[in-house]
Amino acid sequence: MTTADALAIAPALVDALAAARKVTVLTGAGISAESGVPTFRDAMTGLWAQFRPEELATPEAFLRNPKLVWNWYAWRRERVARASPNAGHFALVELESRVPEFLLVTQNVDGLHARAGSCRMVELHGNIARTKCFDCERTADEKDLAGDDVPPRCPHCGGMLRPDVVWFGEMLPANALEQAMRAARECEVLLSVGTSTVVEPAASLPFVALQSGAWVVEVNPDPTPLTPRARFALKGTAATMLPALVSALQARVG
Ligand code: BV8
Ligand code: ZN
């Protein structure tokens with residue numbers, strides 16, 4: 001594993017970041033991998049190994065088998081609660097403090113960016129720690145999760161409670177998506193970190209930035225559909241590459 005400080009980050013990229021007024025960052029499940037949170041694909045183990053995530057993360061799957069889907073999320077919620085932000089999350093907090101107009105757009109539902117201290121951020125796919133009613137959509141309190149029902153019931157209408165995340169086939173929160181699209185259109189640099197660049201509409205954001213003439217930088221140990229189009233493809237993990245990027249920026253601008 002290449003250590004962060006040994007990494008040579010292209011001077012042109014450091015200059016672009018130092019000069020940029022507007023920087024947008026898109027993150028996916030990969031940035032949380034080094035915090036021990038399984039990526040979306042890796043979450044299919046044990047009881048859920050025989051399913052593809054797209055089969056479980058849908059309203060239809062929840063209605064077909066509410067206990068199975070509720071327990072999958074309860075298991076993931078427990079994994080997230082035990083996890084802590086890693087050096088990649090903290091590097092983005094440092095970057096945010098250096099950029100006049102910064103927006104972090106995350107697909108992740110694990111809340112680790114907020115726990116690391118990111119402020120200017122939108123969650124495109126909701127948050128696994130929040131629970132709402134499948135029927136009346138009211139947000140549930142922690143106390144509503146007690147009791148023997150699996151899934152628990154809504155105290156207002158008796159409907160089944162569900163994780164407050166965006167399932168496949170569901171619309172993303174309009175305000176978050178609008179902010180993300182605008183930030184992709186207007187930024188000078190977009191970093192795409194730890195995402196397979198498959199799930200829409202989030203996967204279109206780096207290409208929207210490219211269309212608008214932004215420099216797009218990918219951070220991912222593996223290739224994705226974005227890799228051939230990125231101005232820089234930093235082939236490595238978020239917890240290594242992002243601190244290296246930020247320390248190169250600090251060395252340049254102090
Ligand atoms: C929508 C919350 C409009 C849930 C998630 C047919 C019918 C209906 C819709 C569709 C359809 N065909 C296509 C669609 C659109 C669909 C879609 O995109 N499907 C995909 C499968 C093609 N999208 C939707 O349905 C969206 N809504 O379109 O509404 C609509 C409405 C009705 C009808 C039609 C359209 C809703 C999408 C949101 C789904 N919810 N999450 C939950 O978490 O349980 S998305 C989920 O997948 C996660 O949020 C995650 O971010 C994302 C991707 O999963 P992963 O692959 O695990 O994660 P990631 O992509 O980040 O991959 C990991 C990457 O990290 C890899 O590249 C790996 O190399 C890298 N990595 C690994 N380790 C590291 C690392 N990188 C850096 N450092 C490391 N250490
Ligand atoms: Zn309800």
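How much area does the protein expose, and what share of it do carbon and sulfur atoms supply? The protein exposes about 11,600 Å², and carbon and sulfur atoms supply 54% of it; accessible areas come from the Shrake-Rupley method with a 1.4 Å probe, and for residues only the protein chains shown count as cover.

This is a predicted model, in which local features need pLDDT of at least 70 and side-chain atom pairs count only at pLDDT 80 or more, while totals for chains, interfaces and linings use all residues. Residues are numbered from 1 along each chain as its sequence is written, chains are lettered from A and ligands numbered from 1 in the order in which they are written, and side-chain values use heavy atoms, leaving out hydrogens and water.

**View 1. Burial of strand β1 (residues 22-27).** Of the 6 residues of β1, 5 are buried, so the strand is largely enclosed by the rest of the structure. Buried means under 20% relative accessible area (1.4 Å probe, protein chains only). Strands are DSSP runs of E, at least two residues long, numbered from the N terminus. In the protein as a whole, 51% of the 254 residues count as buried.

**View 2. Pairing of β1 with strand β2 (residues 101-106).** The two strands pair in the parallel sense over 6 bridges; pairing requires that DSSP finds at least two bridges between them. Lysine 22 has glutamate 101 of β2 as its bridge partner.

**View 3. Pairing of β1 with strand β6 (residues 189-193).** β1 and β6 run parallel and are joined by 5 bridges. The bridge partner of threonine 27 in β6 is valine 193.

Terms used. Buried means under 20% relative accessible area, exposed over 50%, partly exposed in between (1.4 Å probe, protein chains only). Helices (H or I, at least four residues) and strands (E, at least two) are DSSP runs, numbered from the N terminus.
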